[in-house]
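Opened a new notebook page for this one. I want to go through the DNA contacts and then look at one chain overall.

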Number of protein chains: 2
Amino acid sequence: MNKEAVEQYDSSVYRTPDGYTSDIAVFTIHSEKREHKPPVVNLMLMLIRRAEQTAEGTPNIEAGKWALPGGFVQPDETALEAAHRELEEETGVKGIHMKHYGMYDRPGRDPRGWILSNAHYAIVPEDLLVSRKASDDAEDVQLFRLEELKTIPLAFDHAELIADAIREIRSDLLQTTAAKNFLPSEFTYSELQAVLLTVTDDPAIKSEQAFARKIKTLPFIAEAEGKTTARTSKKPAKLYKFKEMDVIKPIYTARY
Amino acid sequence: MNKEAVEQYDSSVYRTPDGYTSDIAVFTIHSEKREHKPPVVNLMLMLIRRAEQTAEGTPNIEAGKWALPGGFVQPDETALEAAHRELEEETGVKGIHMKHYGMYDRPGRDPRGWILSNAHYAIVPEDLLVSRKASDDAEDVQLFRLEELKTIPLAFDHAELIADAIREIRSDLLQTTAAKNFLPSEFTYSELQAVLLTVTDDPAIKSEQAFARKIKTLPFIAEAEGKTTARTSKKPAKLYKFKEMDVIKPIYTARY
DNA sequence: CTAATAGTGTCTTTAAGACATTATCTC
DNA sequence: GAGATAATGTCTTAAAGACACTATTAG
């Protein structure tokens, strides 16, 4: 590295952003048990309601509207690290799957100035969200079904961030092995199927028999030899697990 | 919007980034004709050699190393707009396909300070790059085959940006209709096949007969009725075009 | 026994894979 | 006619789709 060059560099010739934030679209799958009927399984998004006042007691921007959790990135961390830190501060959840999916930098998107947002989506198993920090007022943190999102007031350009997050998680669930982040390490065919059905109505995935057969032939899924569980039905069901491998299925071919 | 809140907001309580840059991985497909043999077709990446001195005459950081073209984003534009502007300034090329694929913000990635890089990849048909601006010294702008990239000195963390760009364009070419950006609006099966073969060796794509048959059944490709061209062979070949549609092919199913 | 999910048998239909053959044109 | 790419014919094999049927167990 050229030391002289570093010292001579004058960043003041360029205008610099007024802030760099990390936002998180936290998804979970909510399963609602019903008597004598299969459970209603839904993909849900966690939003927080912006407070009327800031911590300093001044009126808060976009107060009362719903927003993705997030906050300013510190100079000694990446936005991904900030997202993990903020999600833990907000919900007590840590160690979950998180992925960058977009960058939002349209001039005027935030009235406070030139503020960049690095957007991530997170996948959180439902049970982790239930054991949420007591410090959060339940009124201000809420899970929404995806259809509900059109009907509530959203802060800043978060309607756009959310629409993009949904598109991203949908394609990741169907085209990568991302579904594993909603599941225990060993799972039944019907558990995997339930995750996929939150984002698709493909008949080949909808049919129990077809899917139960298909899962055995998928190169990225292995049987957990000999293991079964009765957690999804009275009859014990075989357990499967994801293999560690990259999957690219070209749209131009049929097989793997 | 809450006006009082805007005025009371004090951005100085947070440290702000020292710069926001937009970088571009410019890909093109180079086709080298040979006598009595099929042409050698390769995916190539354009890089620029960093000057010894800045425009102000001071020593340049990372001078002499190869880097992705790019530069600082202005407050009145998005990084995507900046990428288009910079690519035109650099190569005279405009109106081409450009896509965000990553954000690079690791502390220390740029010795000049806390500098964020919003990375894009661009797809440029080869003939547009040939008519490059004369103002560029040919020595300092060069196309590299992907294998060559391991052997040349790269500036900053651009080795990482480039590796991610290659992964992204590879998966986009195979899993989306991105290949259309390397092709004329109407193309033969062998032209599409040549594009795909730059990023895959899938036997179903490699075989002429198999691919010529398969292209007729793809739901996102239509025949250009009655039209043919002889530009790829002595025998006139049918022309095809991409339909305007989203394609998601789940890894869990066989058909569309 | 009933109800529910798990899992198999089997037949039909469709598509993939392989390989040979024909078509069209330039040189 | 040689040589190149384009395109089809046809046979074999594998997989998808459909539907009936069996298995296991809680209540």
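Which residues are the closest to DNA strand C? I get Y189(A), S190(A), R213(A), K238(A) and K214(B), out of 23 residues that surround the strand; a residue counts as near if one of its heavy atoms lies within 4 Å.

Housekeeping before I go on. This is a predicted model, where local features need pLDDT of at least 70, side-chain atom pairs count only at pLDDT 80 or more, and totals for chains, interfaces and linings use all residues. Residues are numbered from 1 along each chain as its sequence is written, chains are lettered from A and ligands numbered from 1 in the order in which they are written, and side-chain values use heavy atoms, with hydrogens and water left out.

**Strand C.** I checked which part of the DNA faces the protein: sugar and phosphate make up 71% of the strand C atoms that come within 4 Å of it. Then I pulled polar contacts (pairs of N or O atoms within 3.5 Å; within protein, one must be able to donate a hydrogen and the other to accept it, and residues adjacent in sequence count only if both atoms are side-chain atoms). T232(A) puts a polar side-chain atom 3.1 Å from a phosphate oxygen of strand C. The side chain of Q209(B) has an N or O atom 3.5 Å from a base nitrogen of that strand. K234(B) uses a backbone N or O atom, 3.4 Å from a sugar or linking oxygen of strand C.

**Strand D.** Here I find 24 surrounding residues, and the closest are K214(A), Y189(B), S190(B), R213(B) and K238(B). Sugar and phosphate account for 70% of the strand D atoms within 4 Å of the protein. R213(B) has a polar side-chain atom 2.4 Å from a base nitrogen of strand D. A polar backbone atom of K238(B) is 2.8 Å from a phosphate oxygen of strand D. I also asked which element gives the most to the surface near strand D. That is α7(A), with three residues; helices (H or I, at least four residues) and strands (E, at least two) are DSSP runs, numbered from the N terminus.

**Chain A overall.** I count seven helices and nine strands. The C-alpha trace spans about 65 × 50 × 30 Å along its principal axes. Of the 256 residues, 46% are buried, meaning under 20% relative accessible area (1.4 Å probe, protein chains only).

**T78(A).** I found it in the loop between β4 (70-72) and α2 (79-91) of chain A. Why does T78(A) count as buried? Because its relative accessible area is 13%.

Technical notes:
Buried < 20%, exposed > 50% of the residue type's maximum accessible area, 1.4 Å probe, protein only.
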